[in-house]
Amino acid sequence: MNNDDSEATEGSIEPAEEALPPEKLNYPEFVFEEGEIDADGGFDLTQGMKREEMVSWLRDLADGLESHDVAVESPDGHVTFGVGTGDVRMQFDPDENHRGTLSVEFGLKAKAMFVSDDPTSRKTGARGKTGFIPLSMLTDDKPPESYRCYSWIRDPTDP
């Protein structure tokens, strides 16, 4: 066996060509201090933030978009999403003093992968160190691409 890092080690699986390198696999979790997450993963949460916190969240959102995965947590629940691209909207309606709120909205296509009404319960996926691999992927002859983007998850409340 060669100790060259470019070769797979014995027993390891060589990642697919389109797979992200490990340093780009980031799984942000956006935690809100108040609010509810519905049993199906729905929510409408808002939280005031300081500049440094907003910068951190924006960086985390960029990482999550690149990794295709973000999570949202409140005191009443947790939901993990597989995310894709969507729309960006910016809006500004100034008053007579040229002041107002600049609104920036990122609309990401998403699929709930894991929903829990207890944010302290064991999480599933990268955050819980328990993967999202369906048994059928190991037993059926379906091509691997049929399992992309978590299309096989039917009920995110029952991992």
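Partly exposed means a relative accessible area between the 20% limit for buried and the 50% limit for exposed. Keep that in mind for this tour of a predicted model.

**Stop 1: Trp57.** Select Trp57. Its relative accessibility is 24%, so Trp57 counts as partly exposed. Now add Phe32. This residue is buried, because its relative accessible area is 11%, under the 20% limit. The two rings form an edge-to-face aromatic pair, 5.2 Å centre to centre with 80° between the planes. The pair links distant parts of the chain, 25 residues apart. Phe32 sits in the loop between strand E1 (29–31) and helix H1 (51–67), and Trp57 sits in helix H1. Add Phe30 as well: Phe30, Phe32 and Trp57 form one aromatic cluster.

**Stop 2: the core.** Select Phe30, Phe32, Ile37, Leu45, Val70, Val72, Val79, Phe81, Val83, Ala112 and Val115. These eleven residues make up the largest nonpolar core. Strands E2 (69–74), E3 and E4 each give two or more residues to this core. Its largest share, three residues, comes from E3.

Zoom in on Val83. What does Val83 touch, beyond residues up to four places away in sequence? Its contacts include Gly64, Leu65, His68, Val70 and Leu108.

**Stop 3: the surface.** Select Leu58, Val88, Met90, Phe92, Leu102, Val104 and Phe106. Together they make a nonpolar surface patch of about 720 Å². Strand E3 (77–92) and strand E4 (102–116) each supply at least two of the patch residues.

End on Val104, in strand E4. Is Val104 buried or partly exposed? Val104 is partly exposed, because its relative accessible area is 46%.

Methods
Residues are numbered from 1 along each chain as its sequence is written. This is a predicted model: local features need pLDDT of at least 70, side-chain atom pairs count only at pLDDT 80 or more; totals for chains, interfaces and linings use all residues. Side-chain values use heavy atoms; hydrogens and water are left out. Patches are made of residues with over 30% relative accessible area and no salt bridge: like charges are joined within 9 Å, nonpolar side chains (Val, Leu, Ile, Met, Phe, Trp, Tyr) within 5 Å. Accessible areas come from the Shrake-Rupley method with a 1.4 Å probe; for residues, only the protein chains shown count as cover. A salt bridge is a side-chain nitrogen of Lys or Arg within 4 Å of a carboxyl oxygen of Asp or Glu. Helices (H or I, at least four residues) and strands (E, at least two) are DSSP runs, numbered from the N terminus. Buried means under 20% relative accessible area, exposed over 50%, partly exposed in between (1.4 Å probe, protein chains only). A nonpolar core is a set of buried Ala, Val, Leu, Ile, Met, Phe, Trp, Tyr and Cys residues joined through side-chain atoms within 4.5 Å. Contact means heavy atoms within 4.5 Å. Rings of Phe, Tyr and Trp (its six-membered ring) pair if their centres lie within 6.5 Å; planes under 30 degrees apart count as stacked, over 60 as edge-to-face and the rest as tilted.
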